[in-house]
Structure formats: structure tokens, C-alpha cells
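The following note was prepared for a colleague who wished to have a written reading of this structure. It is arranged as numbered points.

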Amino acid sequence: SSNNSTLYQQINGEQGVEKLVDSFINQIGRDEQILAYFKQTNVAHFRQGFITHLCSITDGPCDYKGDNMVDIHTGMNIPEKDFNRVVELLINAMDEQQIPQTVQNKILSRLAPLRPEVIDI
Ligand code: HEM
């Protein structure tokens, strides 16, 4: 059982997080509706920031030092529908990386509280 390991270890550490974020970015690249939000984005910067943030919220050895979620997403006016779509794209990426369902659910439950920091601001 992996009950004694961090969520970060359960997604295969640094290499696992990098692969997951690359799959996620690929998913975004194939979704016109969501891709539109990223038109002005430096993808390399987004990739590194998302990797560090994910490492941090899965109790990995990272300290996310980027802007907070509210500051980053303010002015994007993201509706709930698009938030839900991004969650779907992340699930697709986790499926692609064959992350077990139980582990996926734990990751999603750590992202859920951030919802009000991202939606409609
Ligand atoms: C819980 C959900 C979410 C989390 C945890 C999250 C996290 C992040 C993080 C950590 C970054 C910064 C990466 C960096 O350091 O540059 C970022 C940037 C960004 N996010 Fe989110 N995000 C979420 C939901 C969304 C949604 C739903 C959208 C759009 C539909 C979105 C659009 C963006 C865009 C466009 C950027 C890049 C901003 C820029 O160009 O500087 N995010 N997000």
C-alpha cells in the first residue's frame, strides 16, 4: 500500500508531475475554448509554475513562489463551465498517465477548494 507516502510520491515524484503537466498542456492545446485563455501566455513559464504548484499541493519538496491563484486569474472572468472543462482536461491527462482513480480523487479534492479563487474573478 502507498498509504504512508505523500501524494507527490504516489504520482511518481518530479518525473511524474512533469509528465502529467505535459499531458495537461497537450490537452489544453487541443481544446479551442480553453486554449483561447492562453493566447498571451508564455507556455514555458506556465509549465514551470503549474509543475511547482502541483508539487507543492501534493506535499512534494517544492515551494510555489508564483503569484497567488486570485492574482493570476483576476480579469479572466472564468465561468464555472470553463473551470469544469479544465478539470476534465486534467482528468484526461491523469488517465493518459495511468494515475490510479484513488490518487486522482485525492488530487481533485486538493484542487476543489481553489475553485472560488479562480472562478468569476
Ligand atoms: C483549480 C484550478 C486551477 C489551478 C490550481 C490553476 C493554477 C495556475 C497556476 C499555478 C498558474 C501560474 C503558472 C505560472 O507560474 O505562470 C496558472 C496560470 C494560468 N491559468 Fe490557471 N489554474 C486553475 C484553473 C484555471 C482555469 C479554469 C483557467 C481557464 C479556463 C485557467 C487559466 C490560466 C491561464 C490563462 C494562466 C496563465 C496566465 C499567464 O499568462 O500569466 N486556470 N494557473
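The points below proceed from the overall fold to the core, the ligand shell and one loop residue.

1. Status and secondary structure. The coordinates are those of a predicted model. The chain contains 8 helices and 0 strands, and from the N terminus onward its elements follow the order α-α-α-α-α-α-α-α. The radius of gyration is 14 Å, close to the 14 Å expected from the globule rule for 121 residues, so the chain is as compact as a globular protein of that length.

2. Dimensions and contacts. The C-alpha trace spans about 40 × 30 × 25 Å along its principal axes. Among contacts in the chain with a separation of 6 or more, 76% are made by residues 24 or more positions apart. Of the 121 residues, 17% count as buried.

3. Nonpolar core. The largest nonpolar core comprises 15 residues, and Val17, Leu20, Val21, Phe24 and Ala93 have the most contacts inside it. Two or more residues are supplied to this core by each of helix 2 (13-29), helix 4 (43-57) and helix 6. Helix 2 gives the most, with 5 residues.

4. Contacts of Phe24. If neighbours within four places in sequence are left aside, Phe24 is in contact with Leu89, Leu90 and Ala93. Both Phe24 and Ala93 are listed among the core residues with the most contacts inside the core.

5. Ligand shell. There are 20 residues around the ligand, of which Thr41, Gly49, His53, Gly66 and Val86 come nearest. The elements giving two or more residues to this shell are helix 4, helix 5 and helix 6. Helix 4 gives the most, with 5 residues. By residue class, the shell divides into 12 nonpolar, 7 polar and 1 charged.

6. Elements shared by core and shell. Helix 4 and helix 6 each give two or more residues to the largest nonpolar core, and each also gives two or more to the shell around the ligand.

7. Loop residue Asn77. Is Asn77 buried or exposed? This residue is found in the loop between helix 5 (69-73) and helix 6 (80-96). Asn77 has 11 C-beta neighbours inside 10 Å, and a residue with 12 or fewer is classed as exposed; Asn77 therefore counts as exposed. Its C-alpha atom is separated by 30 Å from that of Gly60, with the two residues 17 apart along the chain.

Conventions
Residues numbered from 1 in each chain as written. Predicted model: local features only at pLDDT ≥ 70, side-chain atom pairs only at ≥ 80, totals over all residues. Helix = DSSP H or I, 4+ residues; strand = E, 2+ residues; numbered from the N terminus. Rg over C-alpha atoms; globule rule 2.2 N^0.38 Å. Buried ≥ 20, exposed ≤ 12 C-beta atoms within 10 Å, placed from the backbone. Contact = placed C-beta atoms within 7 Å. Core = buried A, V, L, I, M, F, W, Y, C linked by C-beta atoms within 7 Å. Near = placed C-beta within 6 Å. Nonpolar A, V, L, I, M, F, W, Y, C, P; charged D, E, K, R; others polar.
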